[in-house]
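Reader: I keep running into labels like "buried" and "salt bridge". Can we go through how such labels are earned?

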Amino acid sequence: MGIKSFQGARKQQGTVEASAIRVRDFMTRDLITFKPEQTVEEVIQTLIKNKISGGPVVNSHNELVGIISEGDCLKQISESRYYNMPMEHHTVENRMAKNVETIDGNMNVFDAANKFLESKIRRFPIVENGKLVGQISQKDILIAALELKGQNWK
């Protein structure tokens, strides 16, 4: 007869329903955003000043129209140097990623974590009623995991 391991009854305290751990509870709401008409140089200065790697691009109605990242800015610098062209006339609209994947603020943070792993994207905007309301990053998911580490997930 094999030996069975018994740890006693499991505590039901601190159990969290997975569906209750939503993206909206951990997303960043106070965002640094960019406008399509801004120059790439302005974006670079903002990214450096705020120590961020990119941000959403919104129009005058706060509707998401794209995302610009450090990589997009690097491409602009590289091309400007290669073709010996000044950078000051290049706008965000010409460099931003326009087909932006968003996620629902009601999505479970663990489903969002899987979405990050599948897509290799660093940030997902959250849009409600056509307006940008927040953004969730990989770091936000890590913060959620640390905050909830002492609890059981069903």
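Author: Sure, let's take a few labels one by one, keeping in mind that this is a predicted model.

Reader: Why is R24 called buried?

Author: R24 has a relative accessibility of 18%. Buried means under 20%, so R24 counts as buried.

Reader: And what makes E128 partly exposed?

Author: Its relative accessible area is 27%. Partly exposed is what lies between under 20% and over 50%, so E128 gets that label.

Reader: How do you know that R24 forms a salt bridge with E128?

Author: The closest N and O atoms of R24 and E128 are 2.6 Å apart. The cut-off is within 4 Å, so the pair passes. R24 sits in the loop between β1 and α1, E128 in strand β4, and the two are 104 residues apart.

Reader: Why does the pair of D25 and R22 count as a salt bridge?

Author: Here the closest N and O atoms are 3.6 Å apart. That is within 4 Å, so the label holds. D25 is partly exposed at 43% relative accessibility, and R22 is partly exposed at 28%.

Reader: What makes you say that the buried residues of α5 are on the same side?

Author: In helix α5, D140, I141 and A144 are buried. They cover an arc of only 100° around the axis, which puts them on the same side of α5. The face turned away from the buried side carries the exposed residues K139, L142 and L146.

Reader: What do the buried residues of α5 pack against?

Author: They pack against α4 and β5.

Methods. Residues are numbered from 1 along each chain as its sequence is written. This is a predicted model: local features need pLDDT of at least 70, side-chain atom pairs count only at pLDDT 80 or more; totals for chains, interfaces and linings use all residues. Side-chain values use heavy atoms; hydrogens and water are left out. Buried means under 20% relative accessible area, exposed over 50%, partly exposed in between (1.4 Å probe, protein chains only). Helices (H or I, at least four residues) and strands (E, at least two) are DSSP runs, numbered from the N terminus. The arc is that of the directions from the helix axis to the C-beta atoms. Contact means heavy atoms within 4.5 Å. A salt bridge is a side-chain nitrogen of Lys or Arg within 4 Å of a carboxyl oxygen of Asp or Glu.
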